[in-house]
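Here are some exercises to try while you look around a new structure. Have a go at each task yourself before reading its solution.

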Amino acid sequence: MHFTSERGLDDGVLEREFTLGEVPGILWTPGSASASAPAPLILLGHPPLGLRKMYPRLAGRARDAAADGFAAATIELPGSGDRPRWAVVEQARAELRRAMEAGEPVGDEIVDALVLPLVERAVPEWQAALDALLGLPEIGGPVGYSGGVISIGTRLAVVEPRISAAVLFAGSLVPRAVFEEARRVTIPLHVLLQWDDEGNERQAALDLFDAFGSREKTLHANMGGHTGVPQFAGDAAARFFTRHLK
């Protein structure tokens, strides 16, 4: 891990940009974090829109986490931001747009071509970032995962034993293979669902929640569209992490 910049934010949070091989990322640590009192860590997932575009929302989530005593980190997803594009994924995105504009059902082939390559590459990158982050003296466990592409969060919850709890944003474009993996998830889950999300099929999201194998799982459903998550829903997610990571 190579830090490329750092700056102090107004609320005492230290923000550091880094690179891990070809993967850029950002780490936020609260002022209370030190080698003698390392902060627990929340990995901030996000959609594949690029860190530059997502930065305001990610920084806001990181500051909220820091106020509760957590460090937070994120990395650029494959094919996003300044990273090289994938022809096969770009084609799948075009097919998805065409199907949705035509009012046609989105078939499994499109979902698999769009999501599976992202999951297969992003999950090992998240694990490599976690290796590096936990090697810093001011960062400690336990670790949570928050938000982003639900298929990535599901795979991480299955294969990464260092993640103790996850807050997932419900989505319906989930490959059948990942849906089956959801039955193997056992960590505590807090799932946010926007009831009127124009980009997600509600019943598919509910079916995925039902498939998760966790003994402790909570569905927090709210009226409104994709970007209308109310503040109290975020507060509930923060309490969930405080309960399970401290």
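**Exercise 1.** Work out whether glycine 141 is buried or exposed in this predicted model.

*Solution.* Start with the number: glycine 141 has a relative accessibility of 52%. The cut-off for exposed is over 50%, so glycine 141 counts as exposed. Next, place the residue: glycine 141 sits in strand β6. Then look at who it meets. Leaving out residues up to four places away in sequence, glycine 141 touches Pro40 and Leu134. To finish, try a distance: threonine 218 is 77 residues from glycine 141 in sequence, and their C-alpha atoms are 23 Å apart.

**Exercise 2.** Find out what kind of peptide bond joins glycine 141 and proline 142.

*Solution.* Check omega, which is about -5° here. That makes the bond between glycine 141 and proline 142 a cis peptide bond. For background, most peptide bonds are trans. As for its place, proline 142 belongs to strand β6, which covers residues 139–147.

**Exercise 3.** Describe the surroundings of leucine 134, starting from its place in the chain.

*Solution.* First, leucine 134 lies in helix α3. Second, its relative accessible area is 27%, so leucine 134 is partly exposed. Third, list its contacts beyond four places in sequence: Ile139, Gly140, Gly141, Val143 and Arg162. Last, compare sequence with space: leucine 134 and proline 38 are 96 residues apart along the chain, with 9.7 Å between their C-alpha atoms.

**Exercise 4.** Work out how α3 and α4 are arranged relative to each other.

*Solution.* Two packed helices are described by the angle between their axes and the distance between the axes. For α3 and α4 (residues 150–159), the axes come within 9 Å and cross at roughly 50°. The two helices are therefore oblique to each other. The crossing of α3 with α4 is right-handed.

Now for the residues that meet:
- From α3 come Val115, Leu118, Val119, Glu120, Ala122, Val123, Trp126 and Gln127.
- From α4 come Ser151, Ile152, Arg155, Leu156 and Val159.

Sorted by class, this contact of α3 with α4 has nine nonpolar, two polar and two charged residues.

**Exercise 5.** Do the same for α2 and α3: how are they oriented to each other?

*Solution.* Begin with the ranges: α2 spans residues 87–101 and α3 spans residues 108–134. Their axes come within 9 Å and cross at roughly 140°. An angle has to be over 145 degrees to count as roughly antiparallel, so α2 and α3 are oblique to each other. The handedness of the α2 and α3 crossing is left-handed.

Then collect the contacts. Val89, Ala92, Arg93, Glu95 and Leu96 of α2 meet Ile110, Ala113, Leu114 and Pro117 of α3. Split by class, the contact of α2 with α3 has seven nonpolar residues, two charged ones and no polar ones.

**Exercise 6.** Decide which residue's side chain makes a polar contact with histidine 244.

*Solution.* Find histidine 244 in helix α7, residues 231–245. Its relative accessibility is 23%, so histidine 244 counts as partly exposed. Setting aside residues up to four places away in sequence, it touches Pro142, Ala165, Pro188 and Glu216. The partner you want is glutamate 216: a polar contact of 2.8 Å joins its side chain to that of histidine 244. While you're here, try valine 143 too: it is 101 residues from histidine 244 in sequence, and 9.4 Å away from C-alpha to C-alpha.

**Exercise 7.** Now for arginine 16: is it buried or exposed?

*Solution.* Arginine 16 is part of strand β2, residues 14–20. Its relative accessibility is 9%. Buried means under 20%, so arginine 16 counts as buried. Beyond four places in sequence, arginine 16 touches Phe3, Ser5, Glu6, Gly25, Ile26, Leu27, Thr29 and Glu138. With glutamate 138, there is a side-chain polar contact of 2.7 Å.

**Exercise 8.** Finish with histidine 220: which residues does it touch beyond four places in sequence?

*Solution.* Look in strand β9, residues 217–222, to find histidine 220. At 18% relative accessibility, histidine 220 counts as buried. The residues it touches are His190, Val191, Leu192, Leu193, Phe232, Ala233 and Ala236.

Note on methods:
Residues are numbered from 1 along each chain as its sequence is written. This is a predicted model: local features need pLDDT of at least 70, side-chain atom pairs count only at pLDDT 80 or more; totals for chains, interfaces and linings use all residues. Side-chain values use heavy atoms; hydrogens and water are left out. Helices (H or I, at least four residues) and strands (E, at least two) are DSSP runs, numbered from the N terminus. Buried means under 20% relative accessible area, exposed over 50%, partly exposed in between (1.4 Å probe, protein chains only). A polar contact is a pair of N or O atoms within 3.5 Å; within protein, one must be able to donate a hydrogen and the other to accept it, and residues adjacent in sequence count only if both atoms are side-chain atoms. Contact means heavy atoms within 4.5 Å. Axes are lines fitted to C-alpha atoms, for helices over the stretch in contact, and angles run from 0 to 180 degrees between N-to-C directions. Angles under 35 degrees count as roughly parallel, over 145 as roughly antiparallel, 65 to 115 as roughly perpendicular and the rest as oblique. A crossing is left-handed if the near helix is turned anticlockwise from the far one by less than a right angle, and right-handed if clockwise. Ala, Val, Leu, Ile, Met, Phe, Trp, Tyr, Cys and Pro count as nonpolar, Asp, Glu, Lys and Arg as charged, and the others, Gly among them, as polar.
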